[in-house]
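Biologist: I am new to this structure and would be grateful for a close look at a single part of it. Please choose one strand and explain its place in the whole.

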Amino acid sequence: MVSGQNNNLAARTYQKQFAGLAQAVFGAKAVFGPTFGSLQALDGVQNNKTAFSVKTNSVPVVVGEYSTDANTAFGTGTGKSTRFGDRTEIVYEDLDVPYTDAWNFHEGIDRATVNNDMNAALANRLELQAQALTRKFNKAHGQFLVDSAAADLGAATDVTKLFNAASKKFLELEVDVPIRAYVSADVYNNIVDLGLTTSAKRSTVSIDDNGVTKFKGFEITEVPDQYLAGAQVIFAPDNIGRTFTGINTARTIESEDFDGVALQGHGKFGQWILEDNKQAVFTAGVSKSSPSK
């Protein structure tokens, strides 16, 4: 699939291959995947500002009362009234979702020094670039969730108190999809070590494996501190956002400066959550030095 020769062309492009690699690596290594879903990767994008458009509708659902009045739609009201009550027009608006950041890579593979098969080297470097891109996405997604949070629920030192407060918040919002708590290692270990999480109480916790999957109704995902943007916990429902990248190019091109090829790529990426859904995102223990608060 990947070749080190340009077959008498100025360059060979690998946009589709890199899009597939990025999606596969993202699926395996994206820490906020449950919230943002699978990576939407577009190869050879033409629009440098807008990633895609979504249909939105802000008209609330109104449940009315059906009329059985003799003069509504019948009798004196024939042709002049309806038993269904006032009609609300539903209009969906197009919302353009923009890219928010960019990425690029530029490497050189010299046949005289690579000490590996050219095809294998290129395939390996594309894989590693996809991994680096996923780590960049992880950081951006964590910062985006912290910036989007409706409120910070306070210190994360007392996890029982914190998760009780979060549970009440989501109950009042009537969120009816799985809710996840992305937690730091410190918070994760505090939950595992709690006397509340015992096998006698049928808790999904293993002291031997230092593992817990659920606490107080929340799915628990342990996240490296570098991805939490200064927070100790990020609460967010599953599948409320989207993440995407546009690949302008991913290519090899024969170099005039050395006996080999330059591996080049650049593109844009972003993430999106409907404004209404941001009401269901909360943080806890956000550092005062965090740039997001």
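Modeller: What follows is an account of strand 12 and its sheet, with the rest of the chain described afterwards for context. The model is a predicted one.

The chain as a whole may be described briefly. There are five helices and 15 strands in the chain, and 42% of its 293 residues count as buried. Among contacts with a separation of 6 or more, 80% join residues that are 24 or more positions apart. The chain exposes about 16,400 Å², of which carbon and sulfur atoms supply 48%.

Strand 12 belongs to an open sheet of six strands, ordered 6-15-12-7-11-10 and with mixed pairing. The edges of this sheet are strand 6 (151-152) and strand 10 (214-215), each of which pairs on one side only. In general, the strands of a sheet pair through backbone hydrogen bonds, in either a parallel or an antiparallel manner.

On one side, strand 12 (residues 233-237) pairs with strand 7 (residues 179-183) in the antiparallel sense, over five bridges. Within this pairing, Pro237 of strand 12 stands opposite Ile179. Strand 12 also runs antiparallel to strand 15, to which three bridges join it. There, Ile234 has Thr283 of strand 15 opposite it.

How much of strand 12 is buried? Five of its five residues are buried, and the strand is mostly covered. Val233, Phe235 and Pro237 point one way from the strand, whereas Ile234 and Ala236 point the other way; all are buried.

Two helices pack on this sheet. Helix 4 (residues 159-173) touches strand 7, strand 10, strand 11 (218-222), strand 12 and strand 15 (282-284), and its direction makes about 25° with that of strand 12. Helix 5 (residues 185-193) touches strand 7, strand 10, strand 11 and strand 12; the direction of helix 5 makes about 130° with that of strand 11.

Attention may now turn to the nonpolar cores. The largest has 25 residues, and those touching the most other members are Phe18, Trp103, Phe105, Ile109, Leu126, Phe137 and Ile247. At least two residues of this core are supplied by each of helix 1 (15-29), strand 2 (39-43), strand 5, helix 3 (118-148), strand 13 (241-254) and strand 14 (260-273). Helix 3 gives the largest share, eight residues. A second, separate core has 21 residues, including Ile179, Val183, Ile191 and Ala280. Ile179 has thus appeared twice, as a member of this second core and as the residue opposite Pro237.

Trp103 gives a detailed view of the largest core. This residue lies in strand 5 (residues 101-110). Why does Trp103 count as buried? Its relative accessibility is 6%, and buried means under 20%, so Trp103 falls within that class. Leaving out residues up to four places away in sequence, Trp103 touches a set of residues that includes Phe18, Leu133, Lys136, Ile247, His266 and Phe269. Gly246 is also among its contacts, and the C-alpha atoms of Trp103 and Gly246 are 9.8 Å apart although 143 residues separate them in sequence. The side chain of Trp103 further makes a polar contact of 3.0 Å with the side chain of Thr245.

Two other residues extend this picture. With residues up to four places away left out, the contacts of Ile109 include Val114, Met118, Leu122, Phe258 and Val261. Gln129 lies in helix 3 and counts as buried, at 13% relative accessibility. Beyond its neighbours within four places in sequence, Gln129 is in contact with Phe18, Phe105 and Glu107. Phe18 and Phe105 were named above among the core residues that touch the most other members.

A loop offers a further view. Thr72 is found between strand 3 (50-56) and strand 4 (93-98), and Thr72 is buried, with a relative accessible area of 14%. Apart from residues up to four places away, Thr72 touches Ser67, Ser81, Thr82 and Arg83. Asp69 is found in the loop between strand 3 and strand 4 as well, but Asp69 is partly exposed, with a relative accessible area of 41%. The C-alpha atoms of Asp69 and Thr82 are separated by 10.0 Å, and the two residues are 13 residues apart along the chain.

To return to the part under study, strand 12 is joined to strand 7 by five bridges and to strand 15 by three, and five of its five residues are buried.

Note on methods. Residues numbered from 1 in each chain as written. Predicted model: local features only at pLDDT ≥ 70, side-chain atom pairs only at ≥ 80, totals over all residues. Heavy atoms only, no water. Helix = DSSP H or I, 4+ residues; strand = E, 2+ residues; numbered from the N terminus. Buried < 20%, exposed > 50% of the residue type's maximum accessible area, 1.4 Å probe, protein only. Contact = heavy atoms within 4.5 Å. Polar contact = N/O pair within 3.5 Å; in protein donor to acceptor, adjacent residues only side chain to side chain. Core = buried A, V, L, I, M, F, W, Y, C linked by side-chain atoms within 4.5 Å. Pairing = 2+ DSSP bridges. Axes fitted to C-alpha atoms, helices over the stretch in contact; angles between N-to-C directions. Areas by Shrake-Rupley, 256 points an atom, 1.4 Å probe, with all protein chains shown as cover.
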